[in-house]
Amino acid sequence: MILDNIPKLIGVRIKELRAATNLSQESFAHKIGMARTYFAEVETGKRNVSIINLAKIINGLEVSLEEFFNSELFV
(Lines give C-alpha, C1' and ligand atoms only; values in the text may rest on other atoms or scores of the structure.)
Protein backbone atom coordinates (compact mmCIF):
# COMPACT_ATOMS: atom_id res chain seq x y z
CA MET A 1 0.00 0.00 0.00
CA ILE A 2 1.40 3.41 -0.97
CA LEU A 3 0.52 4.95 2.42
CA ASP A 4 3.02 2.68 4.15
CA ASN A 5 5.79 3.91 1.86
CA ILE A 6 5.10 7.65 1.78
CA PRO A 7 8.11 8.75 3.89
CA LYS A 8 10.41 6.58 1.76
CA LEU A 9 8.90 7.81 -1.53
CA ILE A 10 9.13 11.44 -0.46
CA GLY A 11 12.75 10.86 0.52
CA VAL A 12 13.58 9.29 -2.84
CA ARG A 13 12.00 12.24 -4.65
CA ILE A 14 13.87 14.75 -2.50
CA LYS A 15 17.14 12.94 -3.22
CA GLU A 16 16.44 12.92 -6.98
CA LEU A 17 15.76 16.63 -7.04
CA ARG A 18 18.58 17.55 -4.64
CA ALA A 19 21.05 15.61 -6.80
CA ALA A 20 20.04 17.83 -9.71
CA THR A 21 21.16 20.87 -7.66
CA ASN A 22 24.66 19.37 -7.21
CA LEU A 23 24.47 20.13 -3.48
CA SER A 24 25.41 17.70 -0.74
CA GLN A 25 22.91 16.91 2.00
CA GLU A 26 24.86 19.19 4.31
CA SER A 27 25.02 22.10 1.86
CA PHE A 28 21.35 21.79 0.97
CA ALA A 29 20.25 21.53 4.60
CA HIS A 30 22.28 24.65 5.40
CA LYS A 31 20.74 26.46 2.42
CA ILE A 32 17.22 25.86 3.76
CA GLY A 33 18.05 26.37 7.45
CA MET A 34 17.55 22.77 8.50
CA ALA A 35 19.76 20.48 10.58
CA ARG A 36 21.68 18.07 8.35
CA THR A 37 20.83 15.09 10.55
CA TYR A 38 17.11 15.82 10.36
CA PHE A 39 17.29 16.39 6.60
CA ALA A 40 19.25 13.15 6.11
CA GLU A 41 16.60 11.20 8.01
CA VAL A 42 13.85 12.73 5.87
CA GLU A 43 15.75 11.98 2.66
CA THR A 44 16.32 8.37 3.66
CA GLY A 45 12.67 7.91 4.66
CA LYS A 46 13.49 7.28 8.31
CA ARG A 47 11.49 10.27 9.52
CA ASN A 48 8.05 11.63 8.70
CA VAL A 49 8.41 15.17 7.46
CA SER A 50 5.97 17.86 8.53
CA ILE A 51 4.14 19.89 5.92
CA ILE A 52 6.05 23.01 7.02
CA ASN A 53 9.42 21.31 6.58
CA LEU A 54 8.38 19.71 3.30
CA ALA A 55 7.47 23.20 2.06
CA LYS A 56 10.95 24.46 3.07
CA ILE A 57 12.55 21.57 1.18
CA ILE A 58 10.41 22.05 -1.92
CA ASN A 59 11.11 25.80 -1.93
CA GLY A 60 14.83 25.07 -1.57
CA LEU A 61 14.62 22.68 -4.51
CA GLU A 62 13.03 25.53 -6.48
CA VAL A 63 10.17 23.42 -7.77
CA SER A 64 6.43 23.77 -7.31
CA LEU A 65 4.39 21.40 -5.18
CA GLU A 66 2.91 20.07 -8.40
CA GLU A 67 6.37 19.45 -9.90
CA PHE A 68 7.50 17.73 -6.72
CA PHE A 69 4.64 15.22 -6.79
CA ASN A 70 4.64 14.86 -10.58
CA SER A 71 6.66 11.66 -10.51
CA GLU A 72 6.05 7.99 -11.25
CA LEU A 73 6.85 7.42 -7.57
CA PHE A 74 3.45 8.76 -6.58
CA VAL A 75 1.29 6.94 -9.13
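In the predicted model, helix α4 spans residues 51–61, and its buried residues are N53, L54, I57, I58, G60 and L61. Viewed down the axis of α4, these buried residues fall within an arc of 160°, so they line one face of the helix. The face turned away from this buried side carries I51, I52 and N59, which are exposed. The buried residues of α4 pack against four helices, namely α1 (6–20), α2 (25–32), α3 (36–43) and α5 (65–69). Just after α4, residue E62 adopts a positive phi of about 60°.

Helix α1, one of the packing partners of α4, contains R13. The relative accessible area of R13 is 11%; because this value is under 20%, R13 is classed as buried. The side chain of R13 makes polar contacts with two backbone oxygens. One is the backbone oxygen of E67, reached at 2.9 Å, and the other is that of F68, reached at 2.8 Å. With residues up to four places away in sequence left out of the count, R13 touches E67, F68, N70, S71, L73 and F74. E67 and F68 therefore appear both among the residues touched by R13 and as the residues whose backbone oxygens are reached by its side chain.Aromatic residues were examined next. The structure holds 4 aromatic pairs. A pair of aromatic rings is described by the distance of the centres and the angle of the planes. F28 and F39 form a tilted pair, with 5.3 Å from centre to centre and 45° between the planes. F28 lies in helix α2 and F39 in helix α3, so this pair ties together parts that are 11 residues apart in sequence. Both members of the pair are buried: F28 has a relative accessible area of 0%, and F39 likewise has a relative accessible area of 0%. The helices that hold these two rings, α2 and α3, are also among those against which the buried residues of α4 pack.

Ring pairs also link F68, F69 and F74 into a cluster. Two members of this cluster, F68 and F74, are among the residues touched by R13. The backbone oxygen of F68 is in addition reached by the side chain of R13, at 2.8 Å.

Key. Residues are numbered from 1 along each chain as its sequence is written. This is a predicted model: local features need pLDDT of at least 70, side-chain atom pairs count only at pLDDT 80 or more; totals for chains, interfaces and linings use all residues. Side-chain values use heavy atoms; hydrogens and water are left out. Buried means under 20% relative accessible area, exposed over 50%, partly exposed in between (1.4 Å probe, protein chains only). The arc is that of the directions from the helix axis to the C-beta atoms. Contact means heavy atoms within 4.5 Å. A polar contact is a pair of N or O atoms within 3.5 Å; within protein, one must be able to donate a hydrogen and the other to accept it, and residues adjacent in sequence count only if both atoms are side-chain atoms. Rings of Phe, Tyr and Trp (its six-membered ring) pair if their centres lie within 6.5 Å; planes under 30 degrees apart count as stacked, over 60 as edge-to-face and the rest as tilted.
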